[in-house]
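Subject: Structure handover

Dear colleague,

I am passing on the structure we discussed, with notes on what was found in it. Please have the model open while you read.

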Amino acid sequence: MGKMTDAQIRAMKGSEKGREVFVDDNLYLKVTLRKNGITKKKWRLRFTDQAGGRQNLTFGEYPEIGLAQAREMAADLLKRARRGGTLPIPGKRAAATFGELSEEWFGRQSKSWVAGHALRQRERLDSVNRAMGGKDFNLVTMEDIAASVSRKVDAGTLEIARRTLSMIRKILEYADTLGRLEDNRILIGIDSYRKSLPPRAGTGGISTGR
């Protein structure tokens, strides 16, 4: 079997039924087509456990996890499985609150931010987490999100409201990329809500804040 390349993976198109495309003997991609027309490619590892049962483990999504990194992760997971080590249970997602998820996201993203931007994002994140940080991120509703953002709209800081909404979307999109978001229709809901916000400053005289 020839070596799979990044270019081949980028070119893959999904179908509603989904298909499995093997990259190596144990490593493959589950390629599906979402109702919104977006192709999703999830990394999966097929292995035999110590009891002789066949297991399929999802451990991330392309391109968030690239080909080279997926191969390294698969090799490490296989070693752990052969040693009898503990692996994530296929089909199970780690329970996490929105606050825990947002801190995980912030920790990754902030490494590439300048200090001033990181501080502003930190302030927005703290504001959001005071409102819904203790809630399971898979149970967050559009009502929760709208309540958090609408306070900023009511205060006249429309641009901060838009940026806060964008941050919330990025955090939930991060969970979706890792295969941890149970229903990604919340992302479509956020996009619809954004369109319902008042026009940007300059047309309605609303202060943009920071």
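To start with one pair of residues: Tyr28 has Arg44 of β3 as its bridge partner. Please bear in mind that this is a predicted model.

Leu29 is likewise bridged to β3, with Trp43 as its partner. Both pairs belong to the contact between β2 (residues 27-33) and β3 (residues 39-48), which pair in the antiparallel sense over seven bridges. Five residues separate the two strands in their hairpin, and Gly37 there takes a positive phi near 90°.

On the other pairing of β3, Trp43 stands opposite Gly60 in β4. Eight bridges join β3 and β4, again in the antiparallel sense. These strands also form a hairpin with five residues between them, and its turn contains Gly52, with a positive phi of about 90°.

The sheet as a whole is open and has four strands in the order β1-β2-β3-β4, with antiparallel pairing. Its edges are β1 (19-22) and β4 (54-62); each has a single partner strand, so one side of each lacks a neighbour in the sheet. On average, neighbouring strands are turned by 30° against each other, direction ignored.

Helix α2 (residues 67-82) lies across β2, β3 and β4 and runs at about 25° to β3.

Last, burial. Taking buried as under 20% relative accessible area, seven of the ten residues of β3 are buried, so this strand is largely enclosed by the rest of the structure.

Regards

Methods: Residues are numbered from 1 along each chain as its sequence is written. This is a predicted model: local features need pLDDT of at least 70, side-chain atom pairs count only at pLDDT 80 or more; totals for chains, interfaces and linings use all residues. Side-chain values use heavy atoms; hydrogens and water are left out. Two strands pair if DSSP finds at least two bridges between them. Axes are lines fitted to C-alpha atoms, for helices over the stretch in contact, and angles run from 0 to 180 degrees between N-to-C directions. Contact means heavy atoms within 4.5 Å. Buried means under 20% relative accessible area, exposed over 50%, partly exposed in between (1.4 Å probe, protein chains only).
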